[in-house]
Each structure stands twice: as C-alpha cells, then as structure tokens.
Amino acid sequence: MTNGKKLIIGNWKMNPRTGDEALELARGIAGRLGDIGRSGVEVGIAPPFVFLEEVAGVIKGKVSLGAQDVFWEDEGAHTGEISVGELKSVGVDFVIIGHSERREIGETDEDINRKVRKVLNEGLKAVLCVGEKEDMRNNGIDIAKRFVSGELEKDLEKTRTVLEKNPEGLVVAYEPLWAISGKEGSEAASPENVAEMISFIKNFLKASGMGGGEKTRVLYGGSVDSGNAGEFFGREEIDGVLVGAASLGAEEFLKIVKSASP
Ligand code: PGA
C-alpha cells in the first residue's frame, strides 16, 4: 500500500523567466501551505535547473524539490547535461523523467531507462511519465493500454533490484499527450478513464514484477486545474496529480492542493 497521501507535483516547464519570479512563486506556495502540507498531502515543485538552488532555500521542509530532467553519467565531457550528484548537491529530491515534451524532441526509451536507473540507484525519486498519443486513444483504450505497458516495460528495464530496496522510489505519471494543456483542442481526460488506466498500470506493474508493487504511486497529468482536481482526488486509484500550467500561479496551485486535503 502507498502511504495514502495524495501527491501533487507542479511541473513549471520552461517558466518563469527570471529568478525573482521563481522565488516569488516558490515563496507564495511554501509560505501559504501552512497546515495543508502536513495533513494527507505531499507537495513537490519542479522548477527549471537554473532556479533550483534558490528555490530550495525557500521551500525546504515544506515542499519537495524536483528537476525536470537529468543525465545518467556522473561527470565528464557531457556538454549541457546535469548529473544526479549535481542535482543532489542543490537539494533535489525527485526527477521528472520521460516527459512527453522531451520524448517529442528525441528522448528515447533507452535514454529514459538509463536515467530512471541512475536516479533510483542514487536514492532520489523518479517520476516516470508515460502516456499515449491522440491517434492511439482514438483507436480505443485497449490500444492505449498496450502502448503504455510497452513504455513501462522499456523504461523500467533492470530496475527490479533497486526497487525491491526502495519501492517508493518510483512514481509513475500517466499523462495522455492529447490531454496536456497548450496542445490544440486539449482537455483533461475523464476521471473514469484515468482511474481505469491507472488501475491497469498498477496491475501491470504487479503482474510483471516491475515497479515497487503496491508502493508505487501513479499520478494523472493533463490539464489539471482547481476546477477539476477534486474529481481526480476523489478516485481511490489515482494517487495524485502532475500539474503544468496551473502550477504557475501560487493561488491556483494552492487551491488544487486544498482540494486534495481531507
Ligand atoms: P498541463 O501539463 O497541466 O499544463 O496540462 C501537465 C504536464 O505536462 O505535466
């Protein structure tokens, strides 16, 4: 069983523009989280790399800190890349891996698998994103399920031993590409469909012996906002949400957090 707490992660993507704005947003969230953060919910934010260190200073102990990507080597001639050790040195707790916006620019399942393994081996949490494209879903949920289980199989290869030791190290985020805001005509998936897919993912992980069994939390992401978040939290199968656009305003993000608080 998971710890029963709903997990809410804000993925800031390539926002905001300046360190001052990042600090203001982080302060706005951490400062007003108050007791919410301690009662039945866990909150994390994933700012761009360049703001991680400053943001860490204002959210410590209240909100966990995530990076949006990582590289699998420890150090050396890898221009533009960031290692797990470097992330740890600025206080990062978790790393989002395999987001569809990175897959779209060429990240492969093999890359993703290397990153997941490295992050888990180093003791950080990996938030692995999976999800089908619109044309797949249009062919029925079974096609989407087959695609998602295929992603999990490839992305979680050779993680069994490390997950046996730390089953809570893995979080899966189910993010159907067609539901992510900013895409033309996107809208959130229905809570019924999400619950069905998340049950499928959990059963698949258990049956295949992949993932951390019952300890692996599975989140939903795609156009979550304060208006619809409660419907997702209302479903037992859904362990939390990964929020993009609606995590860029402290007020809106806190409303989402509140709607998960018992
Ligand atoms: P969105 O993004 O909430 O803006 O749809 C979610 C995500 O891409 O993680």
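**Polar contacts, ligand surroundings and backbone features of a predicted model**

A polar atom of the side chain of Asn228 lies 2.8 Å from the backbone nitrogen of Asp225, a polar contact in the sense of a pair of N or O atoms within 3.5 Å, where within protein one atom must be able to donate a hydrogen and the other to accept it, and where residues adjacent in sequence count only if both atoms are side-chain atoms. The structure is a predicted model, in which local features need pLDDT of at least 70 and side-chain atom pairs count only at pLDDT 80 or more, while totals for chains, interfaces and linings use all residues. Residues are numbered from 1 along each chain as its sequence is written, and side-chain values use heavy atoms, with hydrogens and water left out.

Asn228 is placed in the loop between strand 7 (217–221) and helix 10 (229–233); helices (H or I, at least four residues) and strands (E, at least two) are DSSP runs, numbered from the N terminus. Asn228 counts as buried because its relative accessibility is 13%, the classes being buried under 20% relative accessible area, exposed over 50% and partly exposed in between, with a 1.4 Å probe and protein chains only. Phe253, in helix 11 (residues 250–260), is likewise buried, at 0% relative accessibility. Glu104, by contrast, is found in the loop between helix 4 and helix 5 (109–121) and is partly exposed, since its relative accessible area is 48%.

The ligand is surrounded by Asn11, Lys13, His99, Glu175, Ile180, Ser181, Gly222, Ser223, Leu242, Val243, Gly244 and Ala245, a residue being near the ligand if one of its heavy atoms lies within 4 Å of it. This shell divides into four nonpolar, six polar and two charged residues, where Ala, Val, Leu, Ile, Met, Phe, Trp, Tyr, Cys and Pro count as nonpolar, Asp, Glu, Lys and Arg as charged, and the others, Gly among them, as polar. Oxygen atoms of the ligand lie 2.7 Å from a polar side-chain atom of Lys13, 2.7 Å from a polar side-chain atom of Glu175 and 2.8 Å from a polar backbone atom of Gly244. Taken alone the ligand exposes 280 Å², of which the protein buries 99%, with accessible areas obtained by the Shrake-Rupley method with a 1.4 Å probe.

Glu175 also belongs to the lining of the largest cavity, together with Gly98, His99, Ser100, Arg103, Cys129, Val130, Gly131, Glu151 and Leu177. A cavity is a set of points, on a 1 Å grid over the protein atoms alone, where a 1.4 Å probe fits but cannot get out, and lining residues have an atom within 4 Å of a point. The structure holds one cavity of 30 Å³ or more, and about 40 Å³ of space lies in the largest cavity, a volume being the space filled by probe spheres set on the points, which are joined across faces, edges and corners. Helix 4 (100–103) and strand 5 (125–130) each supply at least two residues of this lining, which has three nonpolar, four polar and three charged residues.

Several backbone features occur in loops. Lys13, in the loop between strand 1 and helix 1, has a positive phi, near 50°, although it is a residue other than glycine. Pro16 is placed in the loop between strand 1 (6–11) and helix 1 (19–33), and the peptide bond from Asn15 to Pro16 is cis, with omega near -10°.

Terms used
1 Å grid on protein atoms, 1.4 Å probe; cavity = no way out; pocket = protein on both sides within 12 Å on 5 of 7 lines; lining within 4 Å.
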